[in-house]
Amino acid sequence: IENTNPDNVFYEMDVYWVMRGGQDPVAYMKKYPKRFPVLHIKDETAIGASGKLDFEGIFNQAYANGMKDWYVEVERYDTTPQEDVKKSYDFLNTSTFVK
């Protein structure tokens, strides 16, 4: 990140893999506030199910940084794909911190 020009390069942070890599997505966004205009929202299974990610903090910091868009991926499932996608949708749709 530090070796790229912010006028030419931005990043889409995958919040799950940042966490799995031992880093805090919120701290990264605070350190590089203009570098992540797009987020990749993901969890171990359904969004919000693992309890390992601070989605409220992630969204609040992303909005404070001027996030332009975000995308959701559900890669692994505890139940059927349809059920876990619905759980993810319901979690995000009813969360007061998602605008």
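## Burial and overall dimensions

Of the 99 residues in the chain, 39% are buried. The model is a predicted one. Its accessible surface amounts to about 6,100 Å², and carbon and sulfur atoms account for 49% of that area.

The chain holds four helices and three strands. Read from the N terminus, the order of elements is β-α-α-β-α-β-α. The radius of gyration is 14 Å, and the globule rule gives 13 Å for 99 residues; the two values are close, so the chain is as compact as a globular protein of that length. The C-alpha trace extends over about 45 × 25 × 20 Å along the principal axes. Among contacts with a separation of 6 or more, 69% join residues 24 or more positions apart.

## The strands

Strand β2 (38-41) pairs with both other strands: with β1 (residues 12-14) in the parallel sense over three bridges, and with β3 (69-72) in the parallel sense over four bridges. In the β1 pairing, E12 has V38 of β2 as its bridge partner. In the β3 pairing, I41 is bridged to V72.

Both faces of β2 are covered. V38 and H40 lie on one side, L39 and I41 lie on the other, and all of these residues are buried. V38 and I41 therefore combine burial with a bridge to β1 in the case of V38 and a bridge to β3 in the case of I41.

## Helix α3 and its cover

Helix α3 spans residues 55-64. Its buried residues are F55, G57, I58, F59, Q61 and A62. An α-helix has 3.6 residues a turn, so residues three or four places apart point the same way. The cover over the buried residues of α3 includes the helices α1 (15-20), α2 (25-31) and α4, together with the strands β2 and β3.

Q61, in helix α3, counts as buried because its relative accessibility is 15%, under the 20% limit. Neighbours within four places in sequence aside, Q61 is in contact with V26, M29 and K30. Just after α3, G66 has a positive phi of about 90 degrees.

## Two loop residues

L53 belongs to the loop between β2 and α3. With a relative accessibility of 11%, L53 counts as buried. Not counting residues up to four places away in sequence, L53 touches V15, Y16, M19, P25, K42, D43 and I58. One of these, I58, is among the buried residues of α3. Y16 is 37 residues from L53 along the chain, and the C-alpha atoms of the two are separated by 7.4 Å.

T80 sits in the loop between β3 (69-72) and α4 (81-94). Its relative accessibility is 34%, so T80 counts as partly exposed. T80 and R35 are 45 residues apart along the chain, with their C-alpha atoms separated by 35 Å.

## Aromatic pairs and a charge over a ring

A search of the whole structure gives nine aromatic pairs. In one of them, the ring centres of Y16 and W17 are 5.0 Å apart and the ring planes stand at 75 degrees, so this pair is edge-to-face. The angle exceeds the 60 degrees above which a pair counts as edge-to-face. The two partners differ in burial class: Y16 counts as buried at 4% relative accessibility, while W17 counts as partly exposed at 45%.

The pair of F91 and F97 is also edge-to-face, because the planes of the rings stand at 65 degrees, with the centres 6.3 Å apart. F91 is partly exposed, with a relative accessible area of 27%. F97 is buried, with a relative accessible area of 11%.

F91 and F97 belong to one aromatic cluster that also includes F55, F59, Y63 and W70. Two of its members, F55 and F59, are among the buried residues of α3. Y63, another member of the cluster, has K99 lying over its face, at 4.8 Å from the ring centre.

Methods
Residues are numbered from 1 along each chain as its sequence is written. This is a predicted model: local features need pLDDT of at least 70, side-chain atom pairs count only at pLDDT 80 or more; totals for chains, interfaces and linings use all residues. Side-chain values use heavy atoms; hydrogens and water are left out. Rings of Phe, Tyr and Trp (its six-membered ring) pair if their centres lie within 6.5 Å; planes under 30 degrees apart count as stacked, over 60 as edge-to-face and the rest as tilted. Buried means under 20% relative accessible area, exposed over 50%, partly exposed in between (1.4 Å probe, protein chains only). A charge sits over a ring if NZ of Lys or CZ of Arg is within 6 Å of the ring centre and within 35 degrees of the ring normal. Contact means heavy atoms within 4.5 Å. The radius of gyration is taken over C-alpha atoms; the globule rule is 2.2 Å times the number of residues to the power 0.38. Accessible areas come from the Shrake-Rupley method with a 1.4 Å probe; for residues, only the protein chains shown count as cover. Two strands pair if DSSP finds at least two bridges between them.
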